[in-house]
Amino acid sequence: MGQPKTYNAALYLRLSKDDGTENESSSIQTQKEMLTRYCRENGFVIADYYIDDGYSGKNFERPDFKRMIGDIKEGKVNCVITKDLSRLGRNHIETSLYIEVYFPENGVRYIALTDGVDTYNNTAMDITPFKNLLNDMYIQDISRKVKSALLTRQKQGKFIGVKAPYGYLKDPNDKNHLIIDERFAPIIRRIYAMARDGMGLHQIKKVLRAEKIPRPAAAAAEMFDHFERYCDTDERVYAWSMGSVREILQNPVYKGAIRGQKRPKISYRSEKRKNRADAGTFVVEGMHEPIIDPEEWELVRRLITARKRTISPNTKPYNNIFSGLVKCADCGYALTASRSNKTWNDDDINANYDYYCNSYRTEGKAACTKHRICASELHRVVSEDIKRLAAEALDDDEGMIASIIESLGNADKEQAKRAEREIKKAQKRLAELDKLYAKLYEDNANGSISGRNYKTLTANYEREQAELESKIDELSKTVSTSRESDENAANFVDLIKGYSDISELTQALLNTLIDRIEIHEPEEIDGEYVQLVDIYYKFVGMID
C-alpha cells in the first residue's frame, strides 16, 4: 500500500511530575512547537492537539489520549506524532501494543521524532521495544524511589497525609508535623471520656448528633472543597457514624503517635491497595503533642475491643450480596439485613432475613420509617428486572438503545448535528491556516516577505487559530454530551444481554450491573400494599 497523499496528524503531548519539573526540553509548549514545526516542514495536516498535562505515562487512563483514540475510530486521524516514545507511554506492554498492533490495524502511522521511530518506513523499529522497556523501567524506578522516600519519612514519624486528622492541624512551620487544633480537641477528649465511662460506639454517636457537634468531614470541608458534598445540609454536618467514632478511638495519632503504611498500593501499575491486615502497619510513638494521655488511650482501646459482640457458632450465616447497594429512598441511608422473627426456613435462607433502614434502626421513628423488605422478595424483584431487561435487549437491542437514550433526556440531536457541521468547517479552516502558515514560513526563509509583514500575518493567523480551537472545544462539548449518552446506552445493552438466563444472583453480578437500589416505604393503594423498588443501573440509571 502506497503512502497516502495527506496525513491528518494527531499531535500528542504529555507531561507529568514523573518527568521532572525542571526539564524545559520536555515542557508542553516545547513539544507543541517541535511537533508543529515538523508537520509544517513535512506537509502533515494537523488534525488536532491532544494534551495530557499532569498525567503519568504508567497507564493510558488519560482524557485526551482517549479522545484521540475516539478520533482514530471515527477516521479523523491517520497519523500520531509524539516527541519521543515516553510521551506516548512508559508502560512497555501497553505502549508496544498500540505501536505494533492497534495503530497498524487502524491504518495509523506512528512517529516518535527524537527516537527516530516511524512505522511507515520502519525506521529504527527493531530497537523500539527496548526503548519502551527502558521507559517502563524508568517509571518503576521512580515508583520505587517515591515509595522508599515516603516509607522513610513515615518511619521517622513524619506525617505525610494530605489533611491532618480531626483534632489536629499541620504545623505551618513543618508540614510533616502535627499541632493540636483547639477547636476540635475538646470533642476528641469528650469522645474518649464517654468511652472510658463505658458507653459504646452507638451511644457515643447519638450523644454527638444530639448535641450537634460537627463531624470530621465538616471540619475537613473548611479546607478542602471536595468534602463539601458530605456536608451540604445542616443535618449532614452533624451526622456522626459509628465508623467515625471507632476510627477516632482506634487511631494512635491521638496519643501522640504516627501510624504509617496503612494501605500501600499493590504495584505501580495498579491503583488497588493491600488489605489492612496485609499492609504491614507500624506506629512511631511520641511524635507530637497528644490530645489523649497514652495510658488512657490504651485503656479505651481495650474497653472498645472487649465490647465487640461475638457471633454464636450456631448462628447460620447470611450472604448479604446486596451489601453497599441497597439504600433508603427517603433518607439515603443504607438498608441493613437482620434476622426476621419468622420460623426458620431451611429451603430459602433469604426468607429468614429482612432489610431495614439503618437510620430507623438506630434513631427510631424520629429519623425515618422502616422501609422493610424481605430479602427473598428483594432477590426476586431484582432478578426478574435483570431478566426482563436482558430479554428486551436480545429481542430488539436497537429499539432498547433508542428508548434509553430518549429516557435519559439527551441534548437535542439536531443541535449536536449542527455542532458537528460547524466543527468540520472550523477544522477545514484550521487546515488551511496550517498550509498558509507553512507558506508564510517558507516566504520568510527565502526573503520574499518583509519581517514586519511576517510578524503581522503570523499574529493574525495565530489569533484566528486560537479562536477556531476555542470554538471547536465549545462545539465538541455539545457533541460529546450527545455521543456519551449514546455510548452509555449501547454499553448497557451490550452488558445486560448476557444475563437473560441467570439462575441466581451473586455479589459480583450485582456490582457489575447495578449502581444502587432504592427501597421505598410500602403504601396502601386501592386496599393493597405496594412497595416501590427503584433499581439504578450502571451507565444509564433507572429504566422504567
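Contact here means heavy atoms within 4.5 Å. All views below are taken from a predicted model.

**Figure 1. Overview of the chain in the predicted model.** The chain has 544 residues, and buried residues make up 41% of them. Its secondary structure comes to 17 helices and 18 strands. Of the contacts that join residues at least 6 apart in sequence, 65% are between residues at least 24 apart. The aromatic pairs in the structure number 17.

**Figure 2. Surroundings of asparagine 78, in the loop between α2 (63-73) and β3 (79-82).** Which residues are in contact with asparagine 78, leaving aside its neighbours within four places in sequence? They are Thr6, Tyr7, Asn8, Gly107, Val108 and Arg109. With Thr6 there is also a polar approach: a polar atom of the asparagine 78 side chain lies 3.4 Å from the backbone oxygen of threonine 6. Asparagine 78 has a relative accessible area of 19% and therefore counts as buried, the cut-off being under 20%.

**Figure 3. Helix α4, residues 92-105.** The 14 residues of α4 reach 19 Å from the first C-alpha to the last, close to the 20 Å expected at 1.5 Å a residue. The helix has a kink of about 40°, and tyrosine 98 is at its centre. Tyr98 is also one of the buried residues of α4, which are Thr95, Ser96, Tyr98, Ile99, Tyr102 and Phe103. After α4 comes glycine 107, with a positive phi near 65°. Glycine 107 appears again among the contacts of asparagine 78.

**Figure 4. An aromatic cluster that includes Tyr98, Tyr102 and Phe103.** Besides these residues, the cluster takes in Tyr12, Phe60, Phe65 and Tyr110. Tyr98, Tyr102 and Phe103 are among the buried residues of α4. The ring of phenylalanine 65 has a charged group over it: the charged end of arginine 62 sits there, 5.4 Å from the ring centre.

**Figure 5. The aromatic pair of tryptophan 344 and tyrosine 353.** The structure holds 17 aromatic pairs. In the pair of tryptophan 344 and tyrosine 353, the ring centres are 6.2 Å apart and the planes are at 80°, an edge-to-face arrangement. Are tryptophan 344 and tyrosine 353 buried or partly exposed? Tryptophan 344 has a relative accessibility of 22%, so it counts as partly exposed. Tyrosine 353, at 7%, counts as buried.

**Figure 6. Arginine 516 over the face of tyrosine 536.** The distance from arginine 516 to the ring centre of tyrosine 536 is 3.8 Å.

**Figure 7. Polar contacts of aspartate 118 in strand β5 (residues 117-118).** The side chain of aspartate 118 makes a polar contact of 2.7 Å with the side chain of arginine 109. The side chain of aspartate 118 also reaches a backbone atom, the nitrogen of tyrosine 120, at 2.9 Å. Aspartate 118 has a relative accessibility of 8% and so counts as buried. Isoleucine 81 is 37 residues from aspartate 118 in sequence, and their C-alpha atoms are 9.2 Å apart in space. Arginine 109 is also listed among the contacts of asparagine 78.

**Figure 8. Asparagine 319 and asparagine 350.** Asparagine 319 is placed in the loop between α11 (294-307) and β10 (326-328). A relative accessibility of 54% makes asparagine 319 an exposed residue. Along the chain, asparagine 319 and asparagine 350 are 31 residues apart, while 8.8 Å separates their C-alpha atoms.

**Figure 9. Positive phi at histidine 371 and aspartate 526.** Most residues other than glycine have a negative phi. Histidine 371 is not a glycine, yet its phi is positive at about 55°. The residue belongs to the loop between α12 (358-363) and β13 (373-374). Aspartate 526 likewise has a positive phi, near 55°, and is found in the loop between β15 (523-525) and β16 (528-530). Which relative accessible area does histidine 371 have? The value is 0%, so histidine 371 is buried. Aspartate 526, at 78% relative accessibility, counts as exposed.

How values were computed: Residues numbered from 1 in each chain as written. Predicted model: local features only at pLDDT ≥ 70, side-chain atom pairs only at ≥ 80, totals over all residues. Heavy atoms only, no water. Helix = DSSP H or I, 4+ residues; strand = E, 2+ residues; numbered from the N terminus. Buried < 20%, exposed > 50% of the residue type's maximum accessible area, 1.4 Å probe, protein only. Polar contact = N/O pair within 3.5 Å; in protein donor to acceptor, adjacent residues only side chain to side chain. Expected span 1.5 Å × (residues − 1). Bend = angle between axes of the 7 residues up to and from the residue. Phe/Tyr/Trp six-rings, centres within 6.5 Å; stacked < 30°, edge-to-face > 60°. Lys NZ or Arg CZ within 6 Å of the ring centre and 35° of its normal.
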